[in-house]
Structure formats: C-alpha cells, structure tokens
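User: I'd like a close look at one part of this protein before I plan around it. Here's what I have.

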Amino acid sequence: SYTAVVADAAGNEGTASAGFDVVVDTTAPVTTATIDTFTDDVGIYQADYPSTTATDDTAPVLNGTLDAALAAGEEVRIYEGTTLVGTATVAGTGWTLALSGLAEGTHSYTAVVADAAGNEGTASAGFDVVVDTTVPAAPVVTSFTYDVPGAGTGASGETTSDSTLLFNGTAEANALVEVFLQGVSIGTVTADASGNWTLDYTGTNIVDGDYVVTATQIDVAGNGPSVASGDFNITVDAVAAAPGFSLLHSQEPTLNVYSYDMATQTFSTTPVSGSSYSSGLYTSEFTFVSDVNGDGIQDWIWGKDQENVIETYLGNADGTFSTTTINTTVAGDFVGIDGTETTYLTDVTGDGVVDWVWIDQGATTGIQVYAGLGDGTFSTSMIQTTGFTNWGAGISSAEVSFLADVTGDGIVDYVYENDSANTGIQVWVGNGDGTFATTDITTAGVTEGAWDVYRSTFLADVNGDGNLDWLYAHENTGNGINVYLGNGDGTFQTTAINSAVGTYATTGFNVGWNANESTYLVDLTGDNILDLAWGYTGTDEIRIWAGNGDGTFATTYSVIDMSGISDDWSGGSPATYNQTSFLDEVGSDAARGTAGQDFLTGTTGADAIYEVGAGDTVTALDGDDDIQVADVGFALIDGGAGTDTLALSGGGLILDFSSLAGQVTEVEGIDLTLGAGNALIISDQEVLDLSSITDVLVVDGNGDDSVTASGGFTLSGTTTQGDVTYDVYDAVSGATLWIDQDIGTGTGSVTIL
C-alpha cells in the first residue's frame, strides 16, 4: 500500500496522499474451458458438429463448457493459433462465440480462461472447423445389379430381363447421392467412406422400356447438388423375355402347328394343319423349318439324295405352308443324318441367307455348302472344304456335331465330339465364306456327347454370358445333366456343372429322341432362361426341368399336359418320317396375335407382327418391322433396332401417348391408314422418348385421320418421301414431326397446340 507526500529543503513534509494499493497476482486461473461443437445454420445440413467436420457455413458458432463457474473478473478467450479471435459469451458453465468471414480451409481454435490480471490458465485441446464451400463434381453411375440369372452383366447400354434392380456408382466419401430414372428422382443413398454407393430399387417393378439413369451428389459439407452424372443407359425387357412360339410336328404328308401360350404354359389343342408335304430324317433325307426367302415367315424345306432335290414350301402368315414347292435340283449326295453324316440349314457365307450344308466324314466329301439364293432356292454349285485332320462327322449314340459360332467372331464354326474315339470337343473354325479351317481346336477331356433314345446333347448359352456351352444329358447313368461352359474362343471348361436330376427309373428324368419322343432346350417358363424339355406322346406330356441361368437345372420337373391333342405331336429321329420343332428355335420373323394375351416376338429380320390386341406384348427385335395394332389396350410394344412402324389396323382407334407411359419404345413411324378415322395424340417429349436412333417421328394417314401434337411445334417446311409429301413441324426441345399432308383433308384434322 503506497502514499505520496511533498517535502521541502528543510525536510518538512506536507499532507500525505491517500493510500494506493498495488495487488501483485501471478497465479493462473484453475478453471479450464473446452470447445465441444460448432453450430452450422446454413444449407442442407444444420446442426451442432464436432471437431474436423466440414461445413459450408462461413460464420459458425463455437460452443463450449467450463469445468466450474468463472470467478469474478475471469473471462473465456478464443484463439486461432496465437491470434485472439474474441471473448466468449458465458452463461453458467457454458459459453459461445460467433465467428464470421471464415475462408475456405481448416481453422484450428483453442479456448482459455483469463483472470483480471491477464493470467491465462491451461488452454483447451485444439478444435478444427473445416470450411468447404465448393460444389462437388458429378458422381458416376457405374453399373446395375440384378437377381434374375442371365439378366445381363450390369454395364451401361445393356438389356436386362430383371425389372427390379439395384444401381451402383461412385461419389465423394460419405456424400448424399440422389438417383434419377428418366429425370425423376427414385431415391437417395449415402456413399461409404470409399465413395461407393448402391441404391436399392428392387421394391419397384420398372416398366419395360429404354431408360437413362443419372445421379447428383451433395458433399458432407452440404455443398450441392452437383451437376448430373453422365447418362447410364439401360433397357428393361422383362415382359418381352417371355416370347410366344409354336410347336410344329410333321408326319408325312401332314404338318400340324400348335401355338403356345406362355402365360398359361399350354399348347392349343386344335392345330393349324396342312397336307401333301414331304418330311423325314434318314440317311438320305432331312427336313428343316427356316425363313429361306427373307419375307419374315418360316418355310418348310426338305431334301433327299435319291430324288436329287431340295423342296421348299413357303410359309404363310397364318401358320400354314404352301403346297406348291420351289425345287432345287442337286446332283449326287448332299443330305443325310446318321453316324457318318449330318445336314444343316444355316448361314455360313455371311450374307444373311441360310445355306444348305452337308457334312460327311469321307475324305473326299468333307463339308459341302450349297449357298442359299434368298428366294427359296439354292446354288447347285457347291463350296467344298476337304483335307481335315482328325476328322469326324455324324450324329449317333457315340457322337454329335453342330454348326454354331463358338469363337465369338460372328462366323459359324463346325463342332464335333465322339465318345468312343475320345476326341474331346473339336472345333473347325469357319472362315465366313462357306469354307472352314482344316485344323481343329480341341478341348480334351470332354467325352460326353450323343443323340439316341437315352441321351441328348445341346450347344447353347445356358448361363447368360454370351458364350455357347456344351450340355449333355443321360437318363440312365445318374449323372443327369452336365454342362461344360464355353470360353468363347472355341474351347470349353473340362469340369462339368452337374444337375443331379436322377434317372428315368428313380425320378422320371427323360431325354433322347425316337419315333414318339423329342428333347429340346427352349424357354418354356418365360424367364429368358433355357429349360430342358422332353415330350412323349406315350404319356401325353412335356416334362420341363427349368434352367436356373447359371448352368444348373431344377432337379424336379413340371408338366405340360398334352392329352387334349388327338394327333401325334412329338417324335423324330433318324430313320423316321416324323419330326418335331419349336418354331422359335430358328427364329420367327412373323407373328399374329390371338383373342387372348399374346407374347409376339420377331427376330433380326424385317418382321411383320399382326393383330396386336389388348394385353399383348410385342418384342420385334432388330430389323425394319411392321407392327399392326388392332386394339390400343396392348401391354407393351418394343420395336427394337431398325426403323419400325406402328400401324393402327382398326377403325376409330385413338393412340394417345399420354396414357401409354413407357409402353411404346423404339418406334420411328406411325401409320393411321389401315383403318378409317384413326387418331394420334402426342407431345414433343413423347416423340423424343419413342426412339433412341432419331428425334423424328413420321406419321402417315388419310383425310379422315387426325393428329394432335403439343409441346410448341411450329411448321418449318415440307419434305417428300416417295409419293408422300409431309409437313415438317419442329419443337424447341428438338423433336420433329413429319405429318402426311393427306391427314385432315377429309373429316379428320391436324391440331398443333
């Protein structure tokens, strides 16, 4: 405590000052502060967050606590590094400090209690606020995941038969990803710490059609959403995976065709029939069903050595065949099926026309090709390949042969296996011009292959990977069904995938062929997976061992009752005059709807599909297809690749696309001319959605037909195709309509909204 006084020279002191105290305090406060959270009240994420959390808030509030109430004169100071940021507002043992103007990056803070003397206690642990105000880049949709075997590999651009899917992709770590289907949000999902995400959309059945999947993301700081990802394209074709087809049985001179209803898994009991046809499977004759003249309708073709003739009975659109033959005279041996020879009808010259191929193991005969001419006739000059090494040919109880592309180059190869000679599976690669390599590719170790009353062998893709696989079935050994997966390069796996279906005696497992039984590998259950089917007139049934899509088959069978068919409907083997075929095994380019619910399927040709009605599903596949609709209550129409036309074959029909969301895809033309007073109602976006190859829709019609188009179309000119002149209407969206100038010239109208 101090006083001050004035003294003169003699030492006399005046009146002393009042006392003045100096309190010396060098003791730091014992109360400590901690920084617990910061408050973000900006953007999508608003809450209290711990240290190191990213934020898009440049003015967050720091929140903390004290281990005791402050003493008089004490305060809480906040530092960033060594820089004092401010003094907190204290309430009890809690405190806050509002920050402002934070730059992008990491800001590290500490809190400390200071007393009135300026002594500071122990500083808190560091607390980091990560400021991130940058919108993230677009995420990526990488794949889809399916649970239907054989439904694709999951890549963009694929067609899948599974309509309940999971979508996968990548984004920033822990980002919130929103997924869109055709621009409509279908859900959000949070990416994991590695940035991977999967959106489960299996709870929704996606309607068949072509779709674009995109995604955006919001990062952990709340920045976003980002711009959309690149397009991920997918075609859902679940309904069309159940095509309709027919069973054709020949018993010379009669052909009977029984249509199949996939929905009920039944065959018609009253066939489309015809008589006066040659047929047979012999050492000197063979019969085929195939489209030989490119009209989209399957034809009946028969050849016989002794008569030196190939007879073609052209098919009609109603399932019957012409009784007038188109003949090709061929000299010498050119046909047969037995233990030394086989005959095929397939395109080996690469021109899209099926050729007649005879393979005989004789050293001077080899493979003889009579090229198809596209009009039902064949060249009389053969293309021949001889000089083979390790050569074999024939179908018997010890051997089997095929013509098929097993090397993945789009060219048909010759494939042969002989049990008794332990040849393995031998492949002579096709050259694409009707000739074949003379040196084989061999898969040693596969010694199962035969066709007889107990055994059947097939070459087909049974696991959906695009490679042809070797399937061997025996009804008596107990091995059941063995599948040797193809590698796609002409070789096969040597370890079989086995389906233990039992034997004929133990489980009723039957395969083979003879005069009244046949075995097929065909999809009879409508799941786009090949099934093993055996038909026998003796028990009036077809037994089906359903394929699982992974190379295995069900170990129990289902039955199609054929007792309602009074005629023989199954059978066909060497030395018989009868034969059974599923018409879709060689591809049908014509289909006709019935009064029921139909699944109508084309192929890669120019298909003609008639009388599409209520509930029908059309899958036209490749080619320029003509799809004629008699009832606009159809379930689905997919024109596939090519330039396809949907025609209204009835009168007074209204094709209103606003009520057909996703039900019509890959169609490039609308034809209203087949009936009177038909109408089309369509918007610019619906035009854009119709086709993946063009934004132009061509509309043909008559004077009593009508078109109503919305979406800002304006007349931009005219164009002429053939003898038809069209008014051209363009929309800002990029959609274009060509409307036949005849439309609306009578009782109809053209209305542009």
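How many contacts beyond four places in sequence does the model have for residues 582–598? And what can you tell me about the core that holds Leu646?

Analyst: Keep in mind that this is a predicted model. For residues 582–598 the model has 64 contacts beyond four places in sequence, but pLDDT stays under 50 there. Where pLDDT is low, the predicted coordinates shouldn't be read in detail. So I wouldn't lean on the particulars of those 64 contacts. Over the protein, the average pLDDT is 85, and 87% of the residues score at least 70. Residues 239–244 are another stretch with pLDDT below 50, with 22 contacts in the model beyond near neighbours in sequence.

Now for the core. Leu646 belongs to the largest nonpolar core, a set of 34 residues. Along with Leu655, Ile670, Leu680, Val699 and Leu737, Leu646 is among those that touch the most other members. Several elements each supply at least two residues, including β46 (608–612), β50 (645–648), β54 (679–683), β55 and β59 (736–740). The largest share, three residues, comes from α2, which spans 684–690. That helix is one of two in the protein, set against 60 strands.

Leaving out residues up to four places away in sequence, Leu646 touches Ile627, Val629, Ile637, Leu655, Val664, Val667, Gly669, Ile670 and Asp671. Two of those names, Leu655 and Ile670, also appear among the core residues that touch the most other members.

There's a second, separate core as well: its 31 residues include Val406, Phe492, Val511 and Trp513. As a general point, nonpolar side chains in soluble globular proteins tend to be buried together. Here, buried residues make up 51% of the 753 in the protein.

Back in the neighbourhood of Leu646, have a look at Asp700. Asp700 sits in strand β55 (residues 696–700), and β55 is one of the elements feeding the largest core. Beyond four places in sequence, Asp700 touches Ile670, Asp671, Leu672, Thr673, Val724, Tyr726, Asp740 and Ile743. Ile670 and Asp671 are contacts of Leu646 too, which ties the two pictures together. Asp700 also brings a later part of the chain into view: Ile743 is 43 residues away in sequence, yet the C-alpha atoms are 7.5 Å apart. Across the protein, 52% of contacts between residues at least 6 apart in sequence join residues at least 24 apart.

Notes:
Residues numbered from 1 in each chain as written. Predicted model: local features only at pLDDT ≥ 70, side-chain atom pairs only at ≥ 80, totals over all residues. Heavy atoms only, no water. Helix = DSSP H or I, 4+ residues; strand = E, 2+ residues; numbered from the N terminus. Buried < 20%, exposed > 50% of the residue type's maximum accessible area, 1.4 Å probe, protein only. Contact = heavy atoms within 4.5 Å. pLDDT = per-residue confidence, 0-100. Core = buried A, V, L, I, M, F, W, Y, C linked by side-chain atoms within 4.5 Å.
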